[in-house]
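Here are a few exercises to work through with the model open in your viewer. Try each task before reading its solution.

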Amino acid sequence: MDTELVRLLMVLGVLAANSYTDVRYRTVLGSDLHYACAGGVGFALFLLGGGWADAGALLGLAAGVTLALGLYRCRAVASGDCVVLLVVSVTLPAALGVPFLPVLAGLLGVTILALAVVGYNVALNVSHMAGLYRHPAAGRRPFAACDAAGALKKAAAFFAAHHRRPWERHVVRIDDGRGGFSLRATPIGTRGWEKGGEEGRPVMVAAPVIPFLLVSVILLLYPMFVV
């Protein structure tokens, strides 16, 4: 019994639905119980499809689960992202001839996300330097108000942080209100963005992870469809 197409559609559906809630609310759809059930169904379909006899698929499943837990342990993803990646790992450890799909998608998604966040911060900080953004709390230069921060920390902040813009909702405030800030603050696993500080304060963006996982799965599988 070939269940690969069913499992693929199931994974794409989970990722697509959660991409919407992740972008809008920075949360996953449903509770842990829902994902435990979804993972159980996906794993059962995997076994029914002959996965129990596929050593490569089983290794991909184990590697995917390990990666999900490792990313969560390192605070590279939040708990909801970890749960979704676990469902992907036990449901679709390989597809369309692509082995280790959850591992490749997880690593590719996190890499694209990191590059996107850095690009976003650099673009906002460059616009600040060019005079396209001015706010009394921000000063004329990026992080100019944070005099207590060293030059090296400010240089790192140029890639990791920016001054909050009026359209941003999901950010984490990183300044301490005394002319300094900490880059140890993280938007992963926190609800701090509801009180991320007023416009112009140094913040880190709480970027959605699941849409990048969805894009990564599509990028990895797309060549298989066109071959």
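**Exercise 1: the sheet**

In strand E3, Val-203 is the bridge partner of Arg-173. Keep in mind that this is a predicted model.

Task: work out in which order the 3 strands sit in the sheet, and which of them stand at the edges.

Solution:
- Step 1. Start from the E2 side: 3 bridges join E2 to strand E3, residues 202–205, and the two run antiparallel. Besides the Arg-173 pair, Val-172 stands opposite Met-204 of E3.
- Step 2. Now look at E1, which is joined to E3 by 2 bridges, again antiparallel. Here His-162 has Val-203 as its bridge partner.
- Step 3. Put these together and you get an open sheet in the order E1-E3-E2. E1 (162–163) and E2 (171–173) are the edge strands; each has a single partner strand, so one side of each has no neighbour in the sheet.

**Exercise 2: the faces of E3**

Task: find which residues of E3 point one way and which the other, and say whether they are buried or exposed.

Solution:
- Step 1. Recall that side chains in a regular strand alternate between the two faces of the sheet.
- Step 2. In E3, Pro-202 and Met-204 share one direction, while Val-203 and Val-205 take the other.
- Step 3. Check burial: all of them are buried.

**Exercise 3: a helix pair**

Task: decide how H3 and H4 are oriented to each other, and describe their contact by residue class.

Solution:
- Step 1. H3 (residues 55–73) and H4 (residues 79–91) pack at about 175°, with axes 8 Å apart.
- Step 2. Anything over 145 degrees counts as roughly antiparallel, and H3 and H4 are therefore roughly antiparallel.
- Step 3. By class, their contact has 10 nonpolar, 3 polar and no charged residues. Among those meeting are Leu-61, Gly-64 and Val-65 from H3, and Cys-82, Leu-85 and Leu-86 from H4.
- Step 4. For contrast, pick Thr-66, also in H3: Thr-66 is exposed, at 54% relative accessible area.

**Exercise 4: the cores**

Task: which residues touch the most other members of the largest nonpolar core, and which helices supply it?

Solution:
- Step 1. The core has 32 residues, and the best-connected are Leu-15, Tyr-35, Val-84, Leu-92, Leu-101 and Leu-221.
- Step 2. At least two residues come from each of H1 (4–25), H2 (32–48), H3, H4, H5 (101–129) and H7 (210–226).
- Step 3. Zoom in on Leu-15: leaving out residues up to four places away in sequence, Leu-15 touches Val-84, Val-88, Ile-210, Leu-213, Leu-214 and Val-217.
- Step 4. Apart from this core lies another, of 8 residues, including Cys-146 and Phe-181.

Conventions
Residues are numbered from 1 along each chain as its sequence is written. This is a predicted model: local features need pLDDT of at least 70, side-chain atom pairs count only at pLDDT 80 or more; totals for chains, interfaces and linings use all residues. Side-chain values use heavy atoms; hydrogens and water are left out. Two strands pair if DSSP finds at least two bridges between them. Helices (H or I, at least four residues) and strands (E, at least two) are DSSP runs, numbered from the N terminus. Axes are lines fitted to C-alpha atoms, for helices over the stretch in contact, and angles run from 0 to 180 degrees between N-to-C directions. Angles under 35 degrees count as roughly parallel, over 145 as roughly antiparallel, 65 to 115 as roughly perpendicular and the rest as oblique. Contact means heavy atoms within 4.5 Å. Ala, Val, Leu, Ile, Met, Phe, Trp, Tyr, Cys and Pro count as nonpolar, Asp, Glu, Lys and Arg as charged, and the others, Gly among them, as polar. A nonpolar core is a set of buried Ala, Val, Leu, Ile, Met, Phe, Trp, Tyr and Cys residues joined through side-chain atoms within 4.5 Å. Buried means under 20% relative accessible area, exposed over 50%, partly exposed in between (1.4 Å probe, protein chains only).
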